[in-house]
Amino acid sequence: MFTAIVMISTDPQRIPEIAQEVSDLRGVSEVYSVTGEWDLIALVRVRRHEELSDVIADRLSKVRGIQETVTQIAFRTYSSHDLEEAFSLGMD
């Protein structure tokens, strides 16, 4: 599995719509609206390295309203716990 973290600068008037469009792309596992220099951060997870360019360069970067992206490719995952499961503890 290959993971890329994509920081995205957008048209401020379309942040929610762009976030939804990006999250609907095959290969995008999560999209976060964030504070700071970037408007959104997307996590892209694919099985083959070549698929990163399909998702990021061929689809994500062409979403209307995206102004700039910076991509970081992850080398290794150090945390394997399930955050969803951790946050649901004691909620039964």
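How many residues lie between β2 and β3 in their hairpin, and which residue in the turn has a positive phi? Six residues separate the two strands, and G36 is the turn residue with a positive phi, of about 100 degrees. Helices (H or I, at least four residues) and strands (E, at least two) are DSSP runs, numbered from the N terminus.

The structure is a predicted model, in which local features need pLDDT of at least 70 and side-chain atom pairs count only at pLDDT 80 or more, while totals for chains, interfaces and linings use all residues. Residues are numbered from 1 along each chain as its sequence is written, and side-chain values use heavy atoms, with hydrogens and water left out. The average pLDDT (the predictor's confidence in each residue, from 0 to 100) is 90 for the chain, and 86% of the residues score at least 70. Among the elements, α1 has the highest mean pLDDT, at 98, and helix α3 (residues 83-87) the lowest, at 55. Where pLDDT is low, the predicted coordinates should not be read in detail.

We turn next to the sheet. Four strands make up an open sheet in the order β2-β3-β1-β4, with antiparallel pairing; two strands pair if DSSP finds at least two bridges between them. At the edges are β2 (28-33) and β4 (66-73), each of which pairs on one side only. On average, neighbouring strands are turned by 20 degrees against each other, direction ignored. Helix α1 (residues 15-23) packs on this sheet and touches β1 (2-10), β2, β3 and β4, contact meaning heavy atoms within 4.5 Å. The direction of α1 makes about 165 degrees with that of β2; axes are lines fitted to C-alpha atoms, for helices over the stretch in contact, and angles run from 0 to 180 degrees between N-to-C directions.

Within the hairpin, five bridges join β2 to the antiparallel strand β3 (residues 40-46). Here E30 has L43 as its bridge partner, and V31 has A42.

The largest nonpolar core (buried Ala, Val, Leu, Ile, Met, Phe, Trp, Tyr and Cys residues joined through side-chain atoms within 4.5 Å) has 19 residues, of which I8, V22, V28, V44 and L60 touch the most other members. Two or more residues each come from β1, α1, β3 and α2 (50-56). Beyond its neighbours within four places in sequence, L60 contacts V6, I8, V22, L25, V28, A42, V55, I66 and T69.

In the loop between β1 and α1 lies P12, which is exposed at a relative accessible area of 58% (buried means under 20%, exposed over 50%, partly exposed in between, with a 1.4 Å probe and protein chains only).
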